Structure formats: C-alpha cells, structure tokens
Amino acid sequence: MEKIKLKYPVVVEGRYDKTALSSIFDAVIITTGGFSVFNSKEKLALIKKLGADGIILLTDSDGGGRQIRSYLHSVLNPEQVHDAYIPKIAGKEKRKKAPSRSGMIGVEGVGREVLTAALSPYFDNRSLPSSDERRITKTDLYLDGLSGSDGASQKRARLLVSLGLPDDMTANSMLEALNLLVSFDAYKELVGKLD
C-alpha cells in the first residue's frame, strides 16, 4: 500500500508512535523522547529547524501529551504549528501488559483509520525525498573529519552553524539532524566548503 504524503514534518512523543506513523505516512517524523524534550536543546533545535515552514504536533490525548504539546507551543513559532489530535479511546496498546495511567490508547495504538483522519488536513501531493536515498552514516562523519580526529569538534561546529543548528550538538545528534535536513550530496557539498 502506498504511503500518504504529508505537507509538514510530524512531532510525536515516542518511537512506537513514530513506527505507527511511518507505516502509513511518507513524512519526516521526529520524536520528543517524551518529557526529555523539556531539557534537550539539541532536540528542540532540530524540531525548530524542521518546523521552519510548518510542523504538525500529534501527541497522546492524556495529561502528558497535553503538557508536551503546550511546551512546544510555547517555544515554536505559533504561525508554523499545526495541531492534530487523536480521540480519547479507552484501552491499552497491544505491546503493553496493562493500560497507561490515563487508561487511554496513545498515538501508537489508535490504528490506521484514526491516524489517517487526524492527519487528513495535511495530506500533500508534493514529492518528498525517497526513503531509499543514500543516508549519511557515522563512517561518513569519521571519513570527513567530523568525528574521531583532532579538530573534529571544531569542524562539526562550523558545519552545524552553516545549518543554523547549535554548534555544540553531539556527533549522534548531528547525524540525526543531517539525515532529516539534507541529502547525502548536499552534505558532501557542505563538508567540502569547510576545508
């Protein structure tokens, strides 16, 4: 079944939410890591960068989901934020032994029909980069002098500044950001300008 393209990146709480959406939608999907987004300037910088032209917030319909949504609303450009909601459905996700504290199913468990309905205002026909496009790897970072060598952190800082990201992101965080923001060819071009 062909995936549905979305106009904007989607922010969800956790990796199981991301997995559920990835099976249905062709879009950049980023996780907050739950409440850890409150203390992660790297994650927040990435969300802001990805959401420069618009971003969809899709959190669980429980108290935690509302807190995360409220926080993101307070730190993102309100003109770029698009809210999508799932209904409150009592139950538990299949992978869990017991229901959550709220007793409600989260994004990961509501199913294709509910997710499709929640995100239908954001369907898009524009083409997005293919998921089988060449990804940037840790080996690429090493070979390009961005990790594991003298001066790697300074070179990494210059690359991050050129992308409008915090200059002190870790190599792993930078790798995630690069694969979401630029193609492999664009990455190589940016690295070439650093030398």
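Me: Which residues does Y8 touch, not counting residues up to four places away in sequence?
Reply: This is a predicted model. In it, Y8 touches A27, D53, G54, I55, I56, H82 and Y122, with residues up to four places away in sequence left out.

Me: Where is the place of Y8?
Reply: Y8 belongs to the loop between β1 (4-5) and β2.

Me: How far apart are the C-alpha atoms of Y8 and E176?
Reply: They are separated by 18 Å. Along the chain, Y8 and E176 are 168 residues apart.

Me: Now the sheet. In what order do its strands come?
Reply: Read the order across the sheet, not along the chain. Here 4 strands run β4-β2-β5-β6. The sheet is open and its pairing is parallel.

Me: Why is one side of β4 and of β6 left without a neighbour in the sheet?
Reply: β4 (29-31) and β6 (81-83) stand at the edges. Each has a single partner strand, so one side of each has no neighbour in the sheet. From one strand to the next, the twist averages 30°.

Me: How many bridges join β2 to β5?
Reply: There are 2 bridges between strand β2 (residues 10-12) and strand β5 (residues 55-57), and the two strands run parallel. As for facing residues, V11 stands opposite L57 in β5.

Me: Which strands does each helix lie across, α1 and α2?
Reply: Take the strands crossed, then the angle. Helix α1 (residues 15-22) lies across β2 and β4, at about 170° to β4. Helix α2 (residues 41-50) lies across β2, β4 and β5 and runs at about 155° to β4.

Me: Next, pockets. What shows where empty space is left?
Reply: Rolling a probe the size of a water molecule over the atoms shows it. In this structure, the second largest pocket has a volume of about 460 Å³.

Me: How many residues line the second largest pocket, and which lie nearest its centre?
Reply: The lining has 24 residues, with E13, D60, D62, K96 and S100 nearest the centre. The elements giving two or more residues to this lining are α1 and α3 (63-75). α3 gives the most, with 4 residues.

Me: How do the residues of that lining divide?
Reply: By class, 10 are charged, 9 polar and 5 nonpolar.

Me: Last topic: how many aromatic pairs does the structure hold?
Reply: The structure holds 5. One of them joins F25 and F123. Read distance, then angle: 6.5 Å centre to centre, and 50° between the planes, a tilted pair.

Me: Which parts of the chain does that pair link?
Reply: Distant ones. F25 is in strand β3 (residues 25-26), while F123 is in the loop between α4 (112-119) and α5 (138-143), 98 residues apart.

Terms used
Residues numbered from 1 in each chain as written. Predicted model: local features only at pLDDT ≥ 70, side-chain atom pairs only at ≥ 80, totals over all residues. Heavy atoms only, no water. Pairing = 2+ DSSP bridges. Axes fitted to C-alpha atoms, helices over the stretch in contact; angles between N-to-C directions. Contact = heavy atoms within 4.5 Å. 1 Å grid on protein atoms, 1.4 Å probe; cavity = no way out; pocket = protein on both sides within 12 Å on 5 of 7 lines; lining within 4 Å. Points joined across faces, edges and corners; volume = space filled by probe spheres on them. Nonpolar A, V, L, I, M, F, W, Y, C, P; charged D, E, K, R; others polar. Phe/Tyr/Trp six-rings, centres within 6.5 Å; stacked < 30°, edge-to-face > 60°.
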